[in-house]
Amino acid sequence: MAMLVLYGSSRAGGNSELLAEKLIGNHEAERIYLRGKTIENIKDQRHEEGGFEKKGDDYYDVLDQLMAHDTVVFVTPLYWYGMSSVMKTFVDRWSETLRDRQVPFRETMKRKIFYLVVTGGDNPKQKALPLVLQFRHICDFFGTKCGGYVIGEGNEPGQVADDREAMFQAEEMSRRLK
């Protein structure tokens, strides 16, 4: 199945989207813009009788798409040295899915390949490394393959196109995408 691209930016057509599109290239991809989805914050009910209650938001629709694709590209600007809040909220909700015995979440995640695209200003190639480490820990937790990451520098709209190294890395990574 085609890859899934999860965009975590609050801005349409921003630098992270531009760099991700370079990575995607001519590959068939389904795109989900999390900014257009309603995903509520997690309410930790792990230790309560009955566990988590399902909310009536878009989380499970996005999750179904995540589970249906083998290759997933996570795209986020670097916000305060981490992923965007909408991306983090989506990932946080995985905790409730892990406890849903009707969803083979952990087993399904093991078969995936994740990629990460990050952009930011203020030396992102250094300051985004904790986010890359967090992403790797997430992959390790599930046994998911981490296919790689690319970090681009750009603050003003379109500025990442001037980061020749990042654009080259995205193009090279595109050749290895499955």
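Which residues of helix 3 are buried? To answer, select helix 3 (85–92); Met87, Thr89, Phe90 and Val91 are the residues to highlight, for they are buried. This tour follows a predicted model, in which local features need pLDDT of at least 70, side-chain atom pairs count only at pLDDT 80 or more, and totals for chains, interfaces and linings use all residues. Residues are numbered from 1 along each chain as its sequence is written, and side-chain values use heavy atoms, with hydrogens and water left out.

**Stop 1: Helix 3 and its surroundings**

Two terms are needed here. Buried means under 20% relative accessible area, exposed means over 50%, and partly exposed lies in between, with a 1.4 Å probe and protein chains only. Helices (H or I, at least four residues) and strands (E, at least two) are DSSP runs numbered from the N terminus. Keep Met87, Thr89, Phe90 and Val91 selected, and add strand 1 (3–7), helix 2 (59–68), strand 3, helix 4 and helix 7 (129–142): the buried residues of helix 3 pack against these elements. Contact means heavy atoms within 4.5 Å.

**Stop 2: The loop before helix 3**

Select Trp80 next, in the loop between strand 3 (71–77) and helix 3. Trp80 counts as exposed because its relative accessibility is 79%. Add Tyr79 and Tyr81 to the selection; together with Trp80 they make a nonpolar surface patch of about 430 Å². Patches are made of residues with over 30% relative accessible area and no salt bridge, like charges being joined within 9 Å and nonpolar side chains (Val, Leu, Ile, Met, Phe, Trp, Tyr) within 5 Å. The accessible areas come from the Shrake-Rupley method with a 1.4 Å probe, and for residues only the protein chains shown count as cover.

**Stop 3: Aromatic rings**

Rings of Phe, Tyr and Trp (its six-membered ring) pair if their centres lie within 6.5 Å; planes under 30 degrees apart count as stacked, over 60 as edge-to-face and the rest as tilted. By this rule there are 14 aromatic pairs. One of them joins Trp80 and Tyr81 edge-to-face, at 6.3 Å centre to centre with 80° between the planes. Tyr81 counts as partly exposed, at 43% relative accessibility.

Now select Trp94 and Phe105. Their ring centres are 5.8 Å apart and their planes stand at 70°, so this pair is edge-to-face. Trp94 lies in helix 4 and Phe105 in helix 5 (residues 105–109), so the pair ties together parts that are 11 residues apart in sequence. Both Trp94 and Phe105 are buried. To see the wider setting, select Tyr59, Tyr60, Phe74, Phe90, Trp94, Phe105, Phe114, Phe135, Phe141 and Phe142, which form one aromatic cluster.

**Stop 4: Thr97 in helix 4**

Stay with helix 4 (residues 94–98) and select Thr97. Is Thr97 buried or exposed? Thr97 counts as buried because its relative accessibility is 1%. Leaving aside neighbours within four places in sequence, Thr97 is in contact with Tyr59, Tyr60, Leu63, Val103 and Phe105. With Tyr59, the side chain of Thr97 makes a polar contact of 2.5 Å. A polar contact is a pair of N or O atoms within 3.5 Å; within protein, one must be able to donate a hydrogen and the other to accept it, and residues adjacent in sequence count only if both atoms are side-chain atoms.

**Stop 5: Salt bridges**

A salt bridge is a side-chain nitrogen of Lys or Arg within 4 Å of a carboxyl oxygen of Asp or Glu. This rule gives a count of 11 salt bridges. Select Glu96 and Arg93, which form a salt bridge whose closest N and O atoms are 2.7 Å apart. Both Glu96 and Arg93 are buried.

Move to Glu165 and Lys125, whose side chains meet in a salt bridge of 3.4 Å, N to O. This pair links distant parts of the chain, 40 residues apart: Glu165 is in helix 8 (residues 164–176) and Lys125 in helix 6 (residues 124–127). Glu165 is partly exposed at 46% relative accessibility, and Lys125 is partly exposed with a relative accessible area of 27%.

Finally, select Lys22, Glu171, Glu172 and Arg175, which are linked in a network of salt bridges. Within this network, the side chains of Glu171 and Arg175 meet at 3.4 Å, N to O. Glu171 and Arg175 are separated by about one helical turn because they are four residues apart in helix 8.
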